[in-house]
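Please look through the notes below with the model open beside you. They deal with cysteine pairing and then with a metal site.

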Amino acid sequence: MMVTTNLPENPLLIGKGLPPFDAIKPEEVVPAMTQLLAEVEKDFQTLETTVKPTWTGLVEPLQQISERLSWSWGIVGHLMGVKNSPELRSAYETVQPQVVQFWNNFSQSKSIYEAFKSLKNSAEWETFEPAQQRIINAAILDAELSGVGLEGEQKDRFNAIQLELAELSTKFGNNVLDATKAFSLTLTTKEEVDGLPPSLLSLAAQAARSELEENATPENGPWRITLDFPSYVPFLQHSTRRDLREKLYKAFISRASSGEFNNWSFIDRILELRQEKAALLGFNNYAELSLASKMAPNVDAVEGLLEELRVASYDTARQELEDLKAFAASKNAPEAYVFKHWDVSFWSERQREEKFNFSAEELRPYFPLPQVLEGLFSLAKRLFNVTITPADGLAPIWQEDVRYFQVADETGNAIAFFYLDPYSRPAEKRGGAWMGECIVRAKIMDEGTEKTRLPVAYLVCNQTPPIDGKPSLMTFMEVTTLFHEFGHGLQHLLTKVDYAGASGINNIEWDAVELPSQFMENWCYDRVTLLGMAKHYETGETLPEHYYQKLWDAKNYMSGSGMLRQLNFSFLDIELHSRYQPGGKETPIDVRNRIAAKTTILPPLPEDSFLCAFGHIFAGGYAAGYYSYKWAEVLSADAFGAFEEVGLENEDAIAATGERFRDTVLGLGGSLHPMEVFKAFRGRQPSTKPLLRHNGFAIA
Ligand code: ZN
């Protein structure tokens, strides 16, 4: 029988399958989204009144509504990242507020929340698989954390707090930006720019051209140094003018701490409101609220882990500073005996140059993209027994050099697909690298029959495109970035979960979600993997041994200081959101000093106002969550440790361990608590030892 399907005229309304990228135009976004929002709002209102506390009467219809919107809006979001244009941006901004509003109503619906709670108390609950129970629990928790369980005055107060917190975090972030912008150092003589690399001179001359002197040149100045990272960091690393380094450093650490952009008063207010919000929701403090949806069970567990890492890295960090002073002394630098904060970057760069005398550029010829991909795919075969082959032409693409690949299992059956958009296109593509979901694996009904919908991922990088007939030549950092994103991709693609709400990376606690990505980075240092793919693109010569050795040594350069710095931020964040009492005897500065006493080697200067620029926790989503970076790193290092233990040269054992990793970490995704997933792979709780060993620290 012929089935004729009437495809909608607007390609953004097709609602399933691969996005027809070749047919989508920016002018179709507003009409499509307007129509779609009206439809899903209507469907959602109907569901709110007719909902039944059963899997098929609640979870499935809810999933269908959410997927209908995500299919279209996901495509628009993806194009915003890779094919931006003024037309697309204005269309996006037109409909975005309505989409956000819809999702808010969606997650805060009282009748849906009540239905979820009844479902959890129903007889059906016991028949559910763990994945289904996790999806229901997550929906309940999510609704509760957005205040759905509150009534009357408490509800009003909660909403008022949410509103004020949103405003404060925007103001906090804006103050950091404005204070950063308000300072600059204009240099006019060659003596003042002594030591600066050509790239910084160009940047500084460009900054001068746009603000003060249209004839500024990299050679003759004037040069404008700012507190933006691309200017600030290399200046401290390379300027031989110690007085200017001091000036810039002091300006940096006092950003947003006085005058019109003063964030001090916001800090206590934000902490106070978060504390009140947590209390309304029944938590003792804000850290408990934050951890309610994370893998870490409680503040003690977080602090226990941080303390283990602190004890292990402190002496190394102290020694690194002593070595740095000795190095400066060996170069007859007078500051070796009065070493200050603004000397650290400068001397660590000098020492780095002397120890690992090579530049990132030198290695590029050894890493042409096609070879790196071959290396990556053969690693996927070696570890997870999957075969990745080109499938270009099977999917519409948004840009001519985007690739499409198929992932097949050991029997040759396709189990997943992914796009790869590797090259930088500054005019239309966002910077950085990321993995995005295009299609999520799930069992679905399609025209009356049950099918497994295969997952599809977007892998997006920003590396140098091929030029002058040469392939894209990558830096080692670009290689590790690709491996990292591929790791996220693997978890999306190799999932075995059939419920969209918990398949792939869905429903994974965010302090655990970086496990597979950081895990894959480790393989860039594995001899077999690295030397298998690092071959000169013209001569075919394998990466020389001395480079391999330097890559290894450079990996752990100043690792104690780097670790301690992250621990300082993490401890401070947890302390301010748990024990600290806003308006009490101790001030945030006191807390900062108390934490610094155990987590810094050079104590902060009295005027150090780093907290006023700590946007991660006061303007971003990392409040009582900064520790997540280290938490996930412990998991990923320990997972890699399982492969090291069986011997990286022992192919049979590597394959067996890889299969177990695929079946647990990659396969189970968000269907089980991440601690259970981890234990299923490792046979025990996570240990910090592999991370300490990888960083070159002594292990007690
Ligand atoms: Zn990541």
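1. A disulfide is a covalent bond that joins the sulfur atoms of two cysteines. In practice, a pair of cysteine sulfur atoms counts as a disulfide when they lie within 2.5 Å. The model discussed here is predicted. Searching the whole structure gives zero disulfides.

2. Why is C438 not bonded to C461? The closest cysteine sulfur to that of C438 belongs to C461, and it is 17 Å away, which is too far for a bond. C438 is buried, because its relative accessible area is 16% and the cut-off for buried is under 20%.

3. C524 is likewise in no disulfide. Its nearest cysteine sulfur is also that of C461, at 12 Å. With a relative accessible area of 0%, C524 counts as buried.

4. Which residues coordinate the zinc ion? H484 and H488 each contribute NE2, and E514 contributes two OE entries, at 2.1 to 2.7 Å. Along the sequence, these donor residues follow the spacing H-x3-H-x25-E.

5. The two histidines both come from helix α16, which covers residues 476-493. H484 and H488 are four residues apart in that helix, so about one helical turn separates them. Both H484 and H488 are buried.

6. What is the arrangement of the four donor atoms around the zinc ion? The angles they subtend run from 51 to 141°, and the arrangement is therefore irregular. To count as tetrahedral, four donors would need all angles between 85 and 135 degrees.

Methods. Residues numbered from 1 in each chain as written. Predicted model: local features only at pLDDT ≥ 70, side-chain atom pairs only at ≥ 80, totals over all residues. Heavy atoms only, no water. Donors = N, O, S within 2.8 Å, 3.2 Å for Na, K, Ca; no water. Tetrahedral: all angles 85-135°; square planar, octahedral: opposite > 155°, others 65-115°. Buried < 20%, exposed > 50% of the residue type's maximum accessible area, 1.4 Å probe, protein only.
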